[in-house]
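Let's take a walk through this model, starting with the empty space inside and moving on to how some of the helices pack. Keep the viewer open as we go.

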Amino acid sequence: MAVVSGGTNICGVAIGVLSLESHFPKPPGHIKNPSSLPFTTRYEILEGLTVPLLLNNPSPDMIAPLIAAAQRLEKSGVKAITGSCGFLALFQSEIAAAVDVPVFVSSLLQADLIHRMTNRPLGVLTASADLLTPKHFAAVGAENVPLVIEGMDKGPEFSTVILRNDRDDMDLEKIEAELLEAADRMLARAPDVGAILFECTDLPPYAHSLQSKMGKPIFDIITLATMLDTAVLQKPFSGFIH
């Protein structure tokens with residue numbers, strides 16, 4: 001029998017998630033709903049760091065607790081680390097420098113790659129178009145990508161529950177309808193976008209519905225995490241030669 005190194009309390013976890021504190025429902029397809037994910041996860045809850053706080057008042061004071069949480073995830077044995085909000089892009093470099101496993105705290109890390117694959121403007125659906133700034137894209141090396149940005153902040157259900165945390169209960173059908181409306185606004189302005197990127201981690205549960213309607217490739221934190229899971233945990237291929 002092969003000798004296996006010990007030292008971790010829980011084994012078999014691929015992706016660690018730096019998780020903002022939030023209490024609204026996380027349907028299947030959400031990075032904070034492990035029952036639906038094609039990779040194993042472990043979570044570090046950043047108590048007191050909420051969506052409204054990160055979006056409206058990002059601060060260097062957030063870096064230390066984020067790094068400490070990332071280091072705890074690394075020590076626990078995860079193979080890569082992501083985040084539960086795309087606005088964490090601002091801290092990508094600092095977190096990645098503090099650990100020795102791959103870090104991809106924001107889906108926005110895919111922006112330049114997607115643009116190079118399509119050679120067309122990239123459509124970005126975000127929690128808030130006003131609060132998503134050039135600094136967020138520069139932090140992930142996507143400052144030169146042509147973008148068409150549309151926010152979910154025009155949707156009353158999304159704004160009430162996710163952007164303001166006014167209540168925890170959420171109507172999932174309303175969120176889906178608001179996403180489709182946001183995509184319609186985007187495509188009305190820029191029908192030539194080559195693909196859609198969800199900045200917001202709350203949107204992947206509805207990606208299938210949106211793609212069924214618009215027929216374009218959709219990228220999000222789940223597509224990125226699935227790629228990293230494959231990269232850090234390569235598996236033997238099955239099949240045959242003759």
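Start with the largest cavity, which has a volume of about 110 Å³. Bear in mind that you're looking at a predicted model. If you scan the whole structure for cavities of 30 Å³ or more, one turns up. Why bother with a probe at all? Rolling one the size of a water molecule over the atoms shows where empty space is left.

What surrounds that cavity? Its lining takes in 19 residues, and the ones nearest the centre are Val51, Ser84, Cys85, Thr201 and Asp202. Two elements give two or more residues to this lining: helix H1, spanning 51–56, and helix H6, spanning 156–163. By class, the lining of the largest cavity splits into 10 nonpolar, five polar and four charged residues.

Now for the largest pocket, which holds about 180 Å³ of space. Select Val4, Ser5, Thr8, Ile10, Cys11, Gly12 and Val13, then add Ser76, Gly77, Lys79 and Leu233, and you have its lining. The makeup here is five nonpolar, five polar and one charged.

On to the helices. H6, which we met at the cavity lining, also packs against H7, at an angle of about 115° and with the two axes 8 Å apart. This crossing is left-handed. On the H6 side you'll find Pro156, Glu157 and Phe158, which meet Lys174, Ile175 and Glu178 of H7. Sorted by class, the contact of H6 with H7 has three nonpolar and three charged residues, with no polar ones.

H7 has another partner to look at. This helix covers residues 172–189, and it packs with H8, residues 207–214, at an angle of about 40° with the axes 10 Å apart. Because of that angle, H7 counts as oblique to H8. The handedness of the H7 and H8 crossing is right-handed, whereas H6 and H7 cross in a left-handed way.

Which residues make the H7 and H8 contact? From H7 come Glu176, Leu179, Leu180, Ala183, Asp184 and Leu187, while H8 supplies Ser209, Leu210, Lys213 and Met214. In class terms, this contact of H7 with H8 has six nonpolar, one polar and three charged residues.

So H7 is a handy place to centre your view: H6 packs with it at about 115°, and H8 packs with it at about 40°.

Key
Residues are numbered from 1 along each chain as its sequence is written. This is a predicted model: local features need pLDDT of at least 70, side-chain atom pairs count only at pLDDT 80 or more; totals for chains, interfaces and linings use all residues. Side-chain values use heavy atoms; hydrogens and water are left out. On a 1 Å grid over the protein atoms alone, a cavity is a set of points where a 1.4 Å probe fits but cannot get out, and a pocket is an open set with protein on both sides within 12 Å along at least five of seven lines; lining residues have an atom within 4 Å of a point. Grid points are joined across faces, edges and corners, and a volume is the space filled by probe spheres set on the points. Helices (H or I, at least four residues) and strands (E, at least two) are DSSP runs, numbered from the N terminus. Ala, Val, Leu, Ile, Met, Phe, Trp, Tyr, Cys and Pro count as nonpolar, Asp, Glu, Lys and Arg as charged, and the others, Gly among them, as polar. Axes are lines fitted to C-alpha atoms, for helices over the stretch in contact, and angles run from 0 to 180 degrees between N-to-C directions. Angles under 35 degrees count as roughly parallel, over 145 as roughly antiparallel, 65 to 115 as roughly perpendicular and the rest as oblique. A crossing is left-handed if the near helix is turned anticlockwise from the far one by less than a right angle, and right-handed if clockwise. Contact means heavy atoms within 4.5 Å.
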